Amino acid sequence: MISRKKELLTLMNIDTSWLKTKNNTNYDLQSFSQLQLEANNCQKCQLANGRNNVVFGEGNEKADILIIGEAPGKEEDLIGEPFIGRAGKLLTEILFSINLSRNDVYITNTVKCRPPENRNPNSTEISSCAHFLDKQISLISPKVIILLGKIAAERILNTSEPMAKLRSNIHYYKETNIPTLVFYHPAYLLRSPSEKKKVWDDILFMRENINVC
Ligand code: SF4
């Protein structure tokens, strides 16, 4: 609709640079890179002290599916990209199983710097980093958010419910109508291979209830 409008305005020699669409906004792309620059220089919490790289996120900034994990691990910290270790490989396989590549989605974490010894990020670190994640969600404006594991679920849904209760339910991000689902974290599935089947149940639930893949 907007591209038709743009076509007509262009034919009338009218400037169309103000036209804003979800899929093509220089303003948003600029904001995204500005936000990444801000994160790269961030010293807001103690995790800045031990990091090699800020792991801001990776993928399609216009994606319909936004995936949020917990925090960067060792490999992610060294390379600067999210989900590239064994858990990342499993996540890539899960996406592949539903005909998606990593370039079709956007992947990020609740906090952007690695906690020492891969411990869980604490509440101060999570709230210090909240601004980056909230802004990413707002700029991407996804059709669905997938939360991997309890840390991401607690942060985004502001809940302390156990994973078993959070899975297979449609939640909503804050006051938006963005459906938000909770999946087991791939690292947990690697530690508990008998639970792997549950991720396929989660995907089936998403396919049956949300029209994105
Ligand atoms: S974890 Fe987030 S808030 Fe803390 S230093 Fe890194 S980017 Fe900044």
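1. Lys-197 first: with 54% relative accessibility, this residue counts as exposed, because the cut-off for that class is over 50%. Bear in mind that we're looking at a predicted model. Lys-197 pairs with Asp-201 in a salt bridge, and their closest N and O atoms are 3.1 Å apart. Both residues sit in helix H9, four residues apart, so roughly one turn of the helix separates them. Asp-201 has a relative accessible area of 32%, so this partner is partly exposed.

2. Helix H9 (residues 196-209) also supplies Asp-202, which is paired with Arg-167 from the loop between helix H7 (163-166) and strand E5 (171-172). The N to O distance in this salt bridge is 3.0 Å. Here the link is between distant parts of the chain, 35 residues apart. Are Arg-167 and Asp-202 buried or exposed? Both are buried.

3. Next, Arg-155 and Asp-134. Their salt bridge has its closest N and O atoms 2.7 Å apart. This pair, too, links distant parts of the chain: Arg-155 belongs to helix H6 (residues 150-157) and Asp-134 to helix H5 (residues 123-140), with the two positions 21 residues apart in numbering. Why does Arg-155 count as buried? Because its relative accessibility is 15%, and the cut-off is under 20%.

4. For the overall tally, a search of the whole structure turns up 10 salt bridges. As a reminder, side chains of opposite charge can pair when their charged atoms come close.

5. Arg-51 is worth a look, since it's buried but has no salt bridge. Which side chain of opposite charge is nearest to Arg-51? That's Asp-77, 7.0 Å away. Arg-51 lies in the loop between helix H2 (26-40) and strand E1 (58-59). What its side chain does have is backbone oxygens: that of Cys-42 lies 2.9 Å from one of its polar atoms, and that of Asn-40 lies 3.5 Å from a polar atom of the Arg-51 side chain. Leaving out residues up to four places away in sequence, Arg-51 touches several residues, including Ala-39, Gln-43, Asp-77 and Cys-113.

6. Arg-51 is also one of the residues around the ligand. Among the others there are Cys-42, Cys-45, Cys-113 and Cys-129, along with Lys-44, Lys-112 and Phe-132. By class, the shell has six nonpolar, one polar and three charged residues. Cys-42 and Cys-113 turn up in this shell and in the list of residues that Arg-51 touches.

Technical notes:
Residues numbered from 1 in each chain as written. Predicted model: local features only at pLDDT ≥ 70, side-chain atom pairs only at ≥ 80, totals over all residues. Heavy atoms only, no water. Near = heavy atom within 4 Å. Nonpolar A, V, L, I, M, F, W, Y, C, P; charged D, E, K, R; others polar. Buried < 20%, exposed > 50% of the residue type's maximum accessible area, 1.4 Å probe, protein only. Lys, Arg positive; Asp, Glu negative; His and termini not counted. Salt bridge = Lys/Arg side-chain N within 4 Å of Asp/Glu carboxyl O. Polar contact = N/O pair within 3.5 Å; in protein donor to acceptor, adjacent residues only side chain to side chain. Contact = heavy atoms within 4.5 Å.
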